[in-house]
Amino acid sequence: MLRYTILTLFPGLVRPWTEEALIAKAIRRGLIRVDVRDIREYTTDKHRQVDDYPYGGGAGMVMRVDVVVRAIEAALPADEVILLSPAGDPFTQRMAEELSQKQHLVLLAGRYEGIDARVEHFVTREVSIGDYVLMGGEVAALAILEATARLVPGVLGDPESHQKDSFSWGLLDYPQYTRPPEFRGLEVPEVLTSGHHARIERWRRERALERTLKRRPDLLKRAPLTAEDLEFLARFDAAEGGDYTDEG
Ligand code: JCQ
C-alpha cells in the first residue's frame with residue numbers, strides 16, 4: 001500500500017479531493033492511504049503562528065522552519081519528503097513512476113512567499129509541477145497524488161490503460177471518438193468504424209505522431225520510434241513544407 005502524508009495549512013482544501021472519484025475508491029479498497037495534516041497543529045505558541053517577517057526585509061511572510069520541521073518529523077518515517085515549489089526539479093511521468101514504487105511519501109505544501117530556506121535540510125527533494133507560481137503548494141501536491149496513485153496496481157480498472165498512456169509510449173495520445181457518429185456535420189473518421197484492426201492501429205499511431213510533431217516536437221527526440229514511424233514523419237513533414245524539422 002502506498003501511503004501519502006500531505007502537510008498543509010489548508011486541510012479543508014485538500015481533503016475533499018480524497019473523498020471522491022478514483023482516489024476515494026483506491027482508499028476504500030486499501031490500495032493507498034492519504035493522511036492530511038494541518039501544519040498549524042505543530043505550533044507551540046499561544047497565537048499558533050506559522051509565518052513571520054523575512055529577515056532582511058521585503059514584502060510578504062515566510063513560513064517558520066521550526067513549525068514545518070515539527071510537522072515533517074511527526075510524519076516520519078518516510079521514503080521521500082517532497083517540497084512543492086516552482087524552484088524544484090520538474091515533475092515528469094518518469095518521476096511519477098519512480099515515486100509510485102515507494103511506501104510513504106510526505107508532500108509539503110507551502111504558502112506565503114515560501115518556507116525558511118533551512119527546510120532544505122529536512123526534505124529529500126524539491127519538485128515543481130510547472131513554470132508558473134501558485135498561491136500555495138496544495139494543487140501541486142494533489143497533482144503528484146493523482147499522477148502516482150493511478151500507477152498503483154489496481155487503482156485503474158484496466159492495467160493496459162497506463163501502458164498506452166501518452167507519456168508512457170513517449171507520444172501524445174491519438175484522438176478518441178464515441179457516439180454519436182455524426183454531430184453537427186462532424187463525422188467520426190471512417191477507419192474507426194471499419195472494424196479493420198490493423199488499419200485502426202496504424203491510423204492511431206500516425207495521428208499520435210502527427211499531433212506530437214505539430215504540438216510537442218521536443219517529445220519526439222526521446223520517443224521510441226520505429227523505422228516505419230520515422231518514414232511517416234519524414235513524409236508528413238515534407239508534405240507540410242518541412243516546418244517541423246528544425247524544432248524537433
Ligand atoms: C509548484 N510549480 C509551481 C509557491 C513558494 C515553497 O515555496 C513556495 C511554494 C509555492 C507553491 O508551489 C508552486 C509551484 N510547482 O507555486 C511559492
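This is a short exchange about the two largest pockets of a predicted model.

Colleague: What makes Thr92 a lining residue of the largest pocket?

Modeller: A lining residue has an atom within 4 Å of a pocket point. Thr92 belongs to the 17 residues that line the largest pocket. With Gln93, Arg94, Phe167 and Arg222, Thr92 is also among the closest to the pocket centre. The volume of this pocket is about 660 Å³.

Colleague: Which elements supply at least two residues each to that lining?

Modeller: α4 (93-99), α6 (166-169) and α8 (217-220) do. α4 gives the most, with 4 residues.

Colleague: How do you know that two domains take part in the lining of the largest pocket?

Modeller: Domain 1 (2-149) and domain 2 (164-248) each give at least three residues to the lining.

Colleague: What is the make-up of this lining by class?

Modeller: There are 7 nonpolar, 4 polar and 6 charged residues. Arg counts as charged and Phe as nonpolar, so Arg94 and Arg222 fall in the charged class and Phe167 in the nonpolar one.

Colleague: Now the second largest pocket. Which residues lie nearest its centre?

Modeller: Leu84, Ser85, Pro86, Gly110 and Gly114, out of 26 lining residues. β5 (80-90) and β7 (125-128) are the elements that give two or more residues to this lining. β5 gives the most, with 4 residues. The volume is about 440 Å³.

Colleague: Why is Gly110 called polar?

Modeller: Gly is counted among the polar residues, so Gly110 and Gly114 go in that class. By class, the lining of the second largest pocket has 14 nonpolar, 7 polar and 5 charged residues.

Note on methods
Residues numbered from 1 in each chain as written. Predicted model: local features only at pLDDT ≥ 70, side-chain atom pairs only at ≥ 80, totals over all residues. Heavy atoms only, no water. 1 Å grid on protein atoms, 1.4 Å probe; cavity = no way out; pocket = protein on both sides within 12 Å on 5 of 7 lines; lining within 4 Å. Points joined across faces, edges and corners; volume = space filled by probe spheres on them. Domains from an automatic or database assignment.
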